[in-house]
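Open the model in your viewer and get ready to make a few selections. We will go stop by stop, with a short note on what to find at each one.

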Amino acid sequence: MPYKLSATLLRHSSDVRGVASPTNDLVLSVSRDTKAVVWNRSSTDGKDFNPDHTLQAGSRYVNSVAYIQPTDDAPKGYIVTGGQDTVINIFNLANPRNDPDYSLLGHSENVSKVWKNFSLAYDLKGHEYSVWAVLALDEDQYLTGSADKTIRLWKQHKSVQTFRGHQDAVRGLAVVPDLGFASCSNDSEVRVWTLGGDLIYSLSGHTSFVYSLSVLPNGNIVSSGEDRTVRVWEGDECVQTIVHPAISVWSVSSMPNGDIVTGASDGVVRVFSAVDGRWASEADLKEYDGQVASQALPAQQIGDVKKSDLPGPEALSTPGRKAGEVKMIKRGDVVEAHQWDNASSSWQKIGDVVDAVGQGRKQLYQGKEYDYVFDVDIQDGVPPLKLPYNVTENPYAAAQRFLQNNELEMTYIDQVVKFIETNTAGVNLGSGNDEYRDPFTGASRYRSNDSSAQNAPATEYMDPFTGASRYRAQPGPPVASAPNSNLSDPFTGASRYSGPPAPAPVSSPPSQKILPVSKLFNFKQANISAMQAKLSEFNGALQHEISTSSLAMYPTEVSSFDDIFAHLKPLTESPPRQPSNPLTPTHIEHVISVLERWPASQRFPVIDLGRLLLGFSPGVFSTSQVKEKFIEALFKASEWDVPWTSPLPKARETNILLLFRSLANAFQEGTKLDNTWLVKLFESLGHAPYTLLNKNQRVALTTVLFNISCVGLSSPLDSGIRGQLLTALLSVLSSETTDSEAAYRTLVAIGNIAHVSKQSGSVLGGAEAGQLKQLLRTVASTFPEDRVRGISAEIFVLLV
């Protein structure tokens, strides 16, 4: 019997990255939504599963799940989860709670660890890049698969065998009884090995990354991957391909009864069975087939498509040669993809083929995944340079990294940025929104609405050094290749390379004015659930230790924090809703009290909560005394007055970043400026040695100063405050030599001050104007970007 859909399990709100099915009646799943779900088979019909428990499995994406067999303490066993926060959380299934029974701390990148009895036993060190797959063979032997393309066999903590052969990152491992083990990889292959290192056979059929493996009770292998499929292998032959209505099938697991469980990028867990008594209803099967057939497949996922050469529907009368074979036909103006199914001896429609824009999968470079990895040819006869880029990155940061890594002149940065923006349907964060990374999820959540890049033809690749249309897309991942050109390379500066245009003089009139800029930058994005979970986790950890139990929240504080989260949650939703419960200064007092007691390493979610309170609930700070006291507590919590040393401890570095973002949110449209408080603020900010701040801190600090300048457009600053603000901005400008975004925001803030001064008839002059003019020339040379040159020229005009 072929495998058909048995059950559809709906609860997750994002990609299901891991599934486990240790018994016929139990399914465990984890997702990028930070949740784990425990599913139990319904006793009514024996097919459906109910979500008995939903657990907060991590503070960031949760990527893997495992099961520990029952013990006396846990008669139903344990669920084990792991994710981006590098914490392994373990929950007792006999009494699942939102707080894990055990948390195993100590993981970092590129390290495997062996834990016994919930304690660290060994570090397994040897892989060059990240370890993406682990498999315990017995008490003392383990297999690991890595982004370095190798598999290692470990005896306790020693590497005793290295398996080579995969051409890309190894993503999954599974024991194959009586043979050895199977592995899968980003190279689209499944390989079966003996433990002695011999390759038994390779399984070819997947057309993209293969993410996960499992072995059925009868010894057949099942694999899942980025090509939307689960494939069933009998020996070295694919006997069935199960297509999913999702781009990625991240995980696959098998039940003792032979059923298959999958987790996919559409957030759905599915069960498939080869027993007709466990199949879904005819209506559900038909609906599922319709979902699969309605999918739009990018052309590059199928291969090159030339519509004029495609046959019509009559081609489907010829049987396929093997399971999973794809045939494309033309039905009118629509190209359909059909896949041969051995089980039913028929062609099944798997979707309509559309032209591809961008790329359909992540690219691997130096052990990390990127949305794009471009090959950039700089000089004939020289290997192309790799330009990796994620769409969540600031293009200027990616360009700067590329130029620095390849020892190219920074004068090319504008051309590289233009190349990135032209050749991706990406985002332009650097000239507008800040590259904000959520301390709970690590996600970059500020996105520009700039659509200029989207208007570029998808197949044209513009040379980042010349702007010429000599880079063209190749089949598969986007790459840039350059045929012979009459332009010389930027390494040697040979005569046939014209080079980038020389920087425009600072004093030349700007072509497009942007001053004054009145729209403030605020840091209001939030993951309320993750923040609340992290606070609860930290508070629980303090409670459970005798030495720290006195630092934990009091019941009144717990209630107050619950009120705050209930108030903020509707405000941070899209679209936002008005909260039903108001906040009072008492709530703020409780936050201050916790800030004053908690250890520095556990303050960051409380400080970040302050960011949201200042951003979303300015009314609770209606009196200057409340705001001043709260911000003083934020400064103290970030150890502002502790001596500054390099490098800053990680906890302090994070807390200072969140302090700056909180201060930025303290200034909003309509904010009434309190001169006394501003004087104290400038005095406090002046204590920070700017050169010790990292990029994100610098951008956040300059955003504070920029927001003050914006408020000053509608509520003029008195001369003393204006002088302090200008002094702070000039100090930043004279110190900033590495980060163009911080310099740019500083320049715009200065431009706002210069604009107001000229409008009021008191143009900036004297020593300040002289210093500023010199700095404008310097910064335009340091950061030869169009936006920097433009704003510098515009300020220059306002000084005369």
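**Stop 1: helix α7.** Begin by showing the side chains of His587, Ile588, His590, Val591, Ile592, Val594, Leu595 and Arg597, which are the buried residues of α7. Now bring up their surroundings: the elements covering these buried residues include α6 (555-571), α8 (604-616) and α9 (624-637). For a check of the helix itself, select residues 585-597 and set a distance between the end C-alpha atoms of α7. You should read 19 Å, which agrees with the 18 Å that 13 residues should span at 1.5 Å a residue.

**A step back.** This is a predicted model, so colour it by confidence before going on. The mean pLDDT of the protein is 81, and 82% of its residues reach 70 or more. Which strands have the lowest and the highest confidence? Strand β36 (residues 471-472) is lowest, at a mean of 28, while strand β25 (residues 260-264) is highest, at 97. Next, select residues 425-511, where the pLDDT is below 50; the model gives this stretch 217 contacts beyond near neighbours in sequence. Residues 356-360 also stay under 50 in pLDDT, and the model has 15 contacts for them beyond four places in sequence.

While the whole chain is in view, switch to a cartoon: the protein has 16 helices and 36 strands. Of its 800 residues, 52% are buried. Among contacts between residues at least 6 apart in sequence, 54% join residues at least 24 apart.

**Stop 2: the annotated repeats.** Select residues 124-155, 163-195 and 203-234, which an unreviewed UniProt entry annotates as "repeat: WD". Zoom in on residues 163-195: this span is 58% strand and 0% helix, and its end C-alpha atoms lie 9 Å apart. Then move to residues 203-234, with 59% strand, 0% helix and end C-alpha atoms 10 Å apart.

**Stop 3: helix α13.** Select residues 719-735. From first C-alpha to last, the 17 residues of this helix reach 24 Å, close to the 24 Å expected at 1.5 Å a residue. Show Ile721, Leu725, Leu726, Leu729, Leu730, Val732 and Leu733, the buried residues of α13. They cover an arc of only 165° around the axis, so they sit on the same side of α13. Covering these buried residues are, among others, α11 (675-685), α12 (695-714), α14 (740-759) and α15 (766-782). Before leaving, look at the N-terminal end of α13, which is capped by Asp718: one of its side-chain oxygens lies 3.1 Å from the backbone nitrogen of Gly720.

**Stop 4: Glu785 and helix α16.** Select Glu785, in the loop between α15 and α16. Is this residue buried or exposed? Glu785 is buried, because its relative accessible area is 2%, and buried means under 20%. Add Arg787 to the selection to see a polar contact of 2.9 Å between the side chains of Glu785 and Arg787.

Arg787 leads into α16, where it is buried along with Val788, Arg789, Ile791, Ser792, Ala793, Glu794, Ile795, Phe796 and Leu798. With 10 of its 13 residues buried, α16 is largely enclosed by the rest of the structure. To finish, select residues 786-798 and check the length of α16: its end C-alpha atoms are 19 Å apart, in agreement with the 18 Å that 13 residues should span at 1.5 Å a residue.

Notes. Residues numbered from 1 in each chain as written. Predicted model: local features only at pLDDT ≥ 70, side-chain atom pairs only at ≥ 80, totals over all residues. Heavy atoms only, no water. UniProt positions renumbered as here; feature names shortened; annotations may be inferred. Helix = DSSP H or I, 4+ residues; strand = E, 2+ residues; numbered from the N terminus. Expected span 1.5 Å × (residues − 1). Buried < 20%, exposed > 50% of the residue type's maximum accessible area, 1.4 Å probe, protein only. Arc of directions from axis to C-beta. Contact = heavy atoms within 4.5 Å. Polar contact = N/O pair within 3.5 Å; in protein donor to acceptor, adjacent residues only side chain to side chain. pLDDT = per-residue confidence, 0-100.
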